[in-house]
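Reader: Hey, can you walk me through this one? I'm new to reading structures.

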Amino acid sequence: MKEQIKALSKETLIYGASTVIGRFLNFLLVPFYVNVLDPAMYGVSASMYTYMSFFNIIYTMGLEAAYFRYASRGDDEKRSVEDERKLFSGPFLFVLLFGGLLSVIILIAAPALVGPVFHDPKIDISPWVPEFIRILRISAIIILLDSLNVIPFAALRIDRRAKWFGVIRLTGIVLTLTLNLIFIVGLHKGVDGIFVAKLIASATMLVM
């Protein structure tokens, strides 16, 4: 029992630390964005991230909790490799197909969605429409990648691979911070740089 509590505490620390560091990164980036970007464009990125958080829930459809429910096993419980694959591939493929369909719809409909998503009665957004279309399309891919990461991260937690979980999360955090600096400060990509940095970080985590 003592060893189990010790292992649980260690894993919880790793999972919690990666989450806290990620939140702290977002906190640090806020004054950076406000001072480097045009305030209006920072508002656009903040609004878009709100939409993305909402759609992440839709894309995954609560399958992470369901996967935990059926893939978790007791200390003495054994399962064949084939059964493990079926338990993993079911929710993962559903997210891939369902999320992929939604992302394709957003990619195609992006020009029509610019108005409803970015409408501001006080400002004419016409000059920024091409940039907003790019942001919408990049965001659609980011949502899909982040949703695809959910089941693999859950699998790592079930297998108690906390260290690898932490390495992947920290890699994503460091990449996001580094690429933000490169794209926004070095390459002057503006608000586009925020989303391109996130896209690369999410893709890297999925590959890992």
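Author: We'll go through a helix pair and then the salt bridges. This is a predicted model, where local features need pLDDT of at least 70, side-chain atom pairs count only at pLDDT 80 or more, and totals for chains, interfaces and linings use all residues. Residues are numbered from 1 along each chain as its sequence is written, and side-chain values use heavy atoms, with hydrogens and water left out.

Reader: Cool. At what angle do α3 and α4 pack?

Author: Helix α3 (residues 63-71) and helix α4 (residues 81-118) pack at about 170°, and their axes are 10 Å apart. Therefore they count as roughly antiparallel (angles over 145 degrees). Helices here are DSSP runs of H or I, at least four residues.

Reader: Which residues meet there?

Author: From α3 you get Leu63, Tyr67, Tyr70 and Ala71, which meet Leu87, Phe88, Pro91, Phe94 and Val95 of α4 (contact means heavy atoms within 4.5 Å). The contact has 9 nonpolar residues, no polar and no charged.

Reader: New topic: how many salt bridges are there?

Author: The whole structure has 3, each a side-chain nitrogen of Lys or Arg within 4 Å of a carboxyl oxygen of Asp or Glu. One of them joins Arg157 to Glu64, with the closest N and O atoms 3.9 Å apart. Arg157 is in helix α5 (residues 129-158) and Glu64 in α3, so the pair ties together parts 93 residues apart in sequence.

Reader: And Lys198 with Asp146, buried or exposed?

Author: Both Lys198 and Asp146 are buried, meaning under 20% relative accessible area (1.4 Å probe, protein chains only). Their closest N and O atoms are 3.6 Å apart.

Technical notes
Axes are lines fitted to C-alpha atoms, for helices over the stretch in contact, and angles run from 0 to 180 degrees between N-to-C directions. Helices (H or I, at least four residues) and strands (E, at least two) are DSSP runs, numbered from the N terminus. Angles under 35 degrees count as roughly parallel, over 145 as roughly antiparallel, 65 to 115 as roughly perpendicular and the rest as oblique. Ala, Val, Leu, Ile, Met, Phe, Trp, Tyr, Cys and Pro count as nonpolar, Asp, Glu, Lys and Arg as charged, and the others, Gly among them, as polar. Buried means under 20% relative accessible area, exposed over 50%, partly exposed in between (1.4 Å probe, protein chains only).
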